[in-house]
Amino acid sequence: MPVYINGKPVIDTDGNIMHCHGAGILEHEGWYYLFGEDRRGRSRVSCYRSRDLVNWEFRNICLTLDSATKRHYVRTDLRLAPMNSGPMTPEEAAAVGLQPIGHRGANIERPKVLYCEATGKFVMWMHFENGRDYNAARCAVAVCDTVDGDYVYMGSFNPVGNMSRDCTLYKDEDGTAYFISSARDNADMIVYRLSEDYLTVAEQVKTLWPGQFREAPVVIKEKGRYYMLTSQCTGWNPNQGGVASADAIEGRWSAIRPFGNETTFNTQPTAAVKVGDTWLYIGDRWDPSNYLNSTIVMLPIKFDGGSCSIDWADEVNIDGGKITASAREISDVRVMLPGCVEYLGSDGYSVFTRKLGYADPALIWQREERDGSLLLRHKESGKYLSCEGILDNCRDGESRFLWEELRGEKGSLLVSRFSGKSLLVHGRRVILTDAEDRHFEGYTFVKNY
Ligand code: GAL
């Protein structure tokens with residue numbers, strides 16, 4: 001039975017790591033085609049295909065900095081790269097939050113592809129930036145006669161004059177296609193109905209959740225109802241996902257409700273696909289410290305009363321049309337503080353807080369049970385958290401390393417077995433405080449997904 005393992009890189013059928021991020025998925029002639037970001041060298045959009053979502057075959061780099069271009073029937077900017085562009089310098093890469101992995105030129109994000117029955121062509125929409133910063137805020141279009149061929153780039157533009165960043169495409173059952181993207185510096189989510197050939201915008205039809213700053217849109221239609229998944233705007237760091245629903249795309253959308261946990265299980269929405277009767281959520285697990293280590297997470301979606309939800313699963317079994325998901329016992333915990341995470345001070349033992357790349361090993365803690373108490377081992381240093389709020393080597397039987405975890409609605413609190421004091425975050429320091437001061441929001445333990 002094909003099993004998809006979440007949080008691990010996918011090795012394609014040639015034995016290479018799959019690079020396909022911010023991806024979109026298209027079903028075509030019995031295959032799932034995945035189009036996504038590949039930022040290495042001059043590559044920009046890669047394409048893989050699979051029959052089971054587990055075994056992926058590399059097909060093509062469908063868009064590169066050297067792709068053929070063709071003028072659109074609206075005024076667009078055809079430039080993909082400056083003349084003779086070479087590798088980015090570390091400074092240039094850092095300006096767009098990356099390692100120096102690509103050549104100077106367009107930064108292409110979140111490519112999505114639809115098949116247009118009216119023209120018989122495959123049409124790709126994407127987010128375009130100039131590769132130096134995020135100020136262009138444009139969408140771009142490319143087109144191809146075959147699903148995984150070399151796409152012809154038709155240029156970038158601001159739809160209806162708007163900024164356009166994180167985006168998705170949605171094709172309704174009657175063939176009407178929509179492009180949906182974050183506008184006004186991400187404050188609004190705008191829905192555009194596309195022209196019949198899907199090559200440009202016919203009309204701006206909706207402004208969703210104005211001023212609510214949503215990104216990473218994904219649209220699903222289930223039993224006649226539309227659902228839109230989105231994230232908040234925290235760059236490469238994960239946040240609480242959201243879902244809203246409506247009877248019609250151009251109709252009245254509900255308010256946004258939480259989707260997944262406070263980090264959407266350390267993912268950001270990018271796509272969804274229906275397998276048999278089950279929808280699978282597809283999210284990016286970004287690695288801000290090394291973009292190329294980012295992975296793809298797939299989780300089955302449950303629908304209930306006009307909303308939908310996901311639970312964590314380590315593995316997703318895809319057996320023909322049937323999907324079952326299972327979570328192994330979790331032994332690591334991630335200590336997460338609002339807006340920041342922990343690290344070990346330069347003195348080697350103080351525990352401080354600061355913003356870290358989400359996948360930084362300094363924030364992984366391992367949970368150990370001893371005599372009915374909890375011990376927390378800092379994975380990177382191998383040391384244990386003591387009742388003084390410092391990291392130290394732990395000798396057997398030392399009660400200063402024993403903690404009790406009290407669970408509240410918003411997280412849990414650690415109380416020292418030795419002193420009865422509880423661990424809290426105060427400014428940038430982790431401190432111990434008397435039991436009366438317990439404040440469950442100050443310190444949140446979440447599972448290490
Ligand atoms: C995210 C966005 C990604 C990428 C990133 C850059 O919020 O969803 O697609 O643009 O920011 O920081």
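Before you click anything, one term: a residue is buried when its relative accessible area is under 20%, exposed when over 50%, and partly exposed in between, using a 1.4 Å probe and protein chains only. Keep in mind that this is a predicted model, where local features need pLDDT of at least 70, side-chain atom pairs count only at pLDDT 80 or more, and totals for chains, interfaces and linings use all residues. Residues are numbered from 1 along each chain as its sequence is written, and side-chain values use heavy atoms, with hydrogens and water left out.

**Stop 1: the cysteines**

Select Cys-62. With 1% relative accessibility, Cys-62 is buried. Now add Cys-47, which holds the closest cysteine sulfur: the gap of 4.6 Å is too far for a bond. A disulfide needs two cysteine sulfur atoms within 2.5 Å, and the count by that rule is zero. Hop over to Cys-387 too; at 8% relative accessibility it is also buried.

**Stop 2: the ligand**

Next, show everything near the ligand, meaning residues with a heavy atom within 4 Å of it. You should get Glu-109, Arg-110, Tyr-134, Asp-166, Glu-215, Gly-235, Trp-236 and Gln-268. Zoom in on Asp-166: an N or O atom of its side chain sits 2.5 Å from a ligand oxygen. Glu-109 also brings a polar side-chain atom to 2.6 Å from an oxygen of the ligand. At Gly-235 look at the backbone instead, where an N or O atom is 3.3 Å from a ligand oxygen. On its own the ligand would expose 300 Å², and the protein buries 90% of that.

**Stop 3: salt bridges**

What is there to find once you leave the ligand? A search of the whole structure turns up 29 salt bridges, each a side-chain nitrogen of Lys or Arg within 4 Å of a carboxyl oxygen of Asp or Glu.

Try Asp-145 and Lys-121, whose side chains meet with 2.7 Å from N to O. Asp-145 is in the loop between β8 (138-144) and β9 (152-157), while Lys-121 is in strand β7 (residues 121-129), 24 residues apart. Asp-145 is exposed at 56%, whereas Lys-121 is partly exposed at 31%.

Then pick Lys-274 and Glu-222, a salt bridge at 2.9 Å, N to O. This one links strand β18 (residues 268-275) to strand β14 (residues 215-222), 52 residues apart. Lys-274 is partly exposed at 29%, but Glu-222 is buried at 9%.

For a last selection, take Arg-49, Glu-57, Arg-59 and Asp-148: salt bridges that share partners join them into one network.

Note on methods. A polar contact is a pair of N or O atoms within 3.5 Å; within protein, one must be able to donate a hydrogen and the other to accept it, and residues adjacent in sequence count only if both atoms are side-chain atoms. Accessible areas come from the Shrake-Rupley method with a 1.4 Å probe; for residues, only the protein chains shown count as cover. Helices (H or I, at least four residues) and strands (E, at least two) are DSSP runs, numbered from the N terminus.
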